[in-house]
Amino acid sequence: MKTRFAGFQPIRPDRLIWGQEYRHDAYKSKHKLPEPTVCPQCGAVVHEGRWQWLPRPAQAHEELCPACHRIHDECPAGFVTIGGTFFKEHRDELLHQVRNDEARAKAEHPLERIIKIEEQDDSILITTTGIHLARGIGEALHHAYKGELEFHYNEQENLLRVVWER
Ligand SMILES: [Zn+2]
């Protein structure tokens with residue numbers, strides 16, 4: 001497979017050095033949010049500098065979280081393309097796994113969500129609000145079903161494209 005994404009460099013999974021901490025998604029946030037801030041869309045709360053699932057505070061500043069902002073703008077951070085004949089034959093099973101991956105990621109990290117699952121000619125494209133979920137979906141498919149896994153990273157904008165085929 002060749003490079004097909006302008007602005008993206010192919011990258012080995014183990015070369016993605018993201019550190020222990022999830023990098024804060026600065027999408028559309030121009031200033032440091034006061035605490036507590038609550039997202040009026042999804043109810044996530046900023047606590048100790050990061051978005052978390054917490055009970056809604058009584059008095060809170062309201063502002064869309066980066067995930068809801070990305071969903072609203074249809075501006076994904078992660079793109080996962082899934083294709084191949086094996087995929088076609090096991091489509092429901094694989095998509096079920098993808099949904100489970102999302103539920104797990106989202107429970108722990110409110111900013112990691114699936115935006116859309118789109119049908120394409122010979123594949124599907126899953127867009128995500130966070131690059132960690134895109135990576136996680138690709139790695140989980142690879143772990144469970146082998147196949148070919150590729151990562152393409154756009155460092156400047158911190159975007160990740162994942163291609164899994166089998
Ligand atoms: Zn939100």
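**Exercise 1. The surroundings of Thr81**

Find the residues with which Thr81 is in contact, leaving aside its neighbours within four places in sequence, and decide whether Thr81 is buried or exposed.

*Solution.* Begin with the basis of the exercise: this is a predicted model, in which local features need pLDDT of at least 70 and side-chain atom pairs count only at pLDDT 80 or more, while totals for chains, interfaces and linings use all residues. Residues are numbered from 1 along each chain as its sequence is written, and side-chain values use heavy atoms, with hydrogens and water left out.

Next, place the residue: Thr81 lies in strand 6, where helices (H or I, at least four residues) and strands (E, at least two) are DSSP runs numbered from the N terminus. Then list its partners, taking contact as heavy atoms within 4.5 Å: beyond its neighbours within four places in sequence, Thr81 touches Ser123, Ile124, Leu125, Val162, Val163 and Trp164. Ile124 belongs to strand 8, which covers residues 123-128, and strand 10 covers 159-165.

Finally, the relative accessibility of Thr81 is 14%, so the residue counts as buried (under 20% relative accessible area; exposed is over 50% and partly exposed in between, with a 1.4 Å probe and protein chains only).

**Exercise 2. The six-stranded sheet and the helices on it**

Work out the order of the six strands in the open sheet, state which strands stand at its edges, and describe how helix 3 and helix 4 pack on the sheet.

*Solution.* The six strands follow the order 1-9-10-6-8-7, with mixed pairing; two strands pair if DSSP finds at least two bridges between them. Strand 1 (9-11) and strand 7 (114-119) each have a single partner strand, so one side of each is left without a neighbour in the sheet. Direction ignored, neighbouring strands of this sheet are turned by 20 degrees against each other on average.

At the strand 7 edge, strand 7 and strand 8 run antiparallel and are joined by five bridges. Ile114 has Thr128 of strand 8 as its bridge partner, and Glu119 has Ile124 of strand 8. Strand 7 and strand 8 form a hairpin with three residues between them.

Turning to the helices, helix 3 packs on the sheet and touches strand 6 (78-83), strand 7, strand 8 and strand 10, its direction making about 165 degrees with that of strand 7. Helix 4 also packs on the sheet, touching strand 6, strand 7, strand 8, strand 9 (148-154) and strand 10, and its direction makes about 20 degrees with that of strand 10.

**Exercise 3. Helix 3 against helix 4**

Describe the packing of helix 3 and helix 4 by angle and distance, then characterise the contact by class of residue.

*Solution.* Helix 3 (residues 91-108) and helix 4 (residues 131-145) pack at an angle of about 135 degrees, and their axes are 10 Å apart; axes are lines fitted to C-alpha atoms, for helices over the stretch in contact, and angles run from 0 to 180 degrees between N-to-C directions. Helix 3 and helix 4 are therefore oblique to each other, given that under 35 degrees counts as roughly parallel, over 145 as roughly antiparallel, 65 to 115 as roughly perpendicular and the rest as oblique.

The residues in contact are Glu93, Leu94, Gln97, Val98, Asp101, Glu102 and Ala105 from helix 3, and Leu133, Gly136, Ile137, Ala140, Leu141, Ala144 and Tyr145 from helix 4. Sorted by class, this contact has nine nonpolar, two polar and three charged residues (Ala, Val, Leu, Ile, Met, Phe, Trp, Tyr, Cys and Pro count as nonpolar, Asp, Glu, Lys and Arg as charged, and the others, Gly among them, as polar).

Ile131, also found in helix 4, has a relative accessible area of 4% and is buried. The C-alpha atoms of Ile131 and Phe79 are separated by 8.1 Å, although these residues are 52 apart along the chain.

**Exercise 4. The four-stranded sheet and helix 1**

Determine the strand order of the open sheet of four strands, and identify the buried residues of helix 1.

*Solution.* The order is 4-3-2-5, again with mixed pairing, and the edge strands, strand 4 and strand 5 (61-62), each pair on one side only. Strand 3 (residues 45-47) and strand 4 pair in the antiparallel sense over three bridges, with His47 standing opposite Arg50 in strand 4.

In helix 1 (residues 66-73), the buried residues are Pro66, Ala67, Cys68, His69 and Arg70; what covers them includes strand 4 (50-52) and strand 7. Just after helix 1, Glu74 takes a positive phi of about 50 degrees.
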